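Student: I've just opened this one for the very first time. Could you walk me through it?

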Amino acid sequence: MGGLEPRFPVPYKNFSLEIKGNSTDLVVCRYDDHFLVMATQIGTMGTILHARKEEGVSIQPTFHVSVIFGKRDEPMLLAIARQLIEQISSSASSLPLVLSLGLKDHSAETLKGIVSAVMENRLCLQ
């Protein structure tokens with residue numbers, strides 16, 4: 001028929017960049033009830049985390065991050081999830097975040113690279 005392929009019904013953006021010499025593939029999706037961010041340097045999903053902003057009466061927001069599947073003893077993975085949910089909730093929405101990280105390198109530089117790449121490409125988060 002020669003028509004256009006149907007588009008995936010969820011707004012998303014996928015892109016690649018190099019962080020500390022590692023090719024890093026990212027996918028950012030916005031569903032009605034949450035955001036999904038997948039970042040991989042190993043070609044698989046890796047550790048899956050859930051992060052959300054706690055709604056309460058406190059003036060200062062609080063955030064909850066938990067590991068759903070994968071490495072539970074890696075503090076940098078928790079730090080990436082916390083940084084992303086803080087950034088997303090301050091600039092776009094208070095939707096929860098599901099984050100998949102398959103990383104070779106768990107350094108602070110990699111954390112910063114992923115957070116800044118997601119926030120620079122956050123068009124679908126708004």
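**Sheet and helices**

Tutor: Six strands make an open, mixed sheet in the order E1-E2-E3-E6-E4-E5. Strands are DSSP runs of E, at least two residues, and helices are runs of H or I, at least four, numbered from the N terminus; two strands pair if DSSP finds at least two bridges between them. This is a predicted model, where local features need pLDDT of at least 70, side-chain atom pairs count only at pLDDT 80 or more, and totals for chains, interfaces and linings use all residues. Residues are numbered from 1 along each chain as its sequence is written, and side-chain values use heavy atoms, leaving out hydrogens and water.

Student: Which are the edge strands?

Tutor: Look for strands that pair on one side only. Those are E1 (12-19) and E5 (62-69).

Student: In which sense do E4 and E6 pair?

Tutor: Strands of a sheet can pair parallel or antiparallel. Here E4 (residues 47-54) and E6 (residues 97-102) share five bridges, with Ile-48 opposite Ser-100. Their sense is antiparallel.

Student: Why are the buried residues of H1 on the same side?

Tutor: H1 covers residues 75-91, and its buried residues (under 20% relative accessible area; exposed is over 50%, partly exposed in between, with a 1.4 Å probe and protein chains only) include Leu-77, Ile-80 and Leu-84. They sit on the same side because their arc, taken from the directions from the helix axis to the C-beta atoms, is only 145°.

Student: Is Thr-110 buried or exposed?

Tutor: Thr-110 is in H2 (residues 108-120). Its relative accessible area is 1%, so Thr-110 is buried.

How values were computed. Expected span 1.5 Å × (residues − 1).
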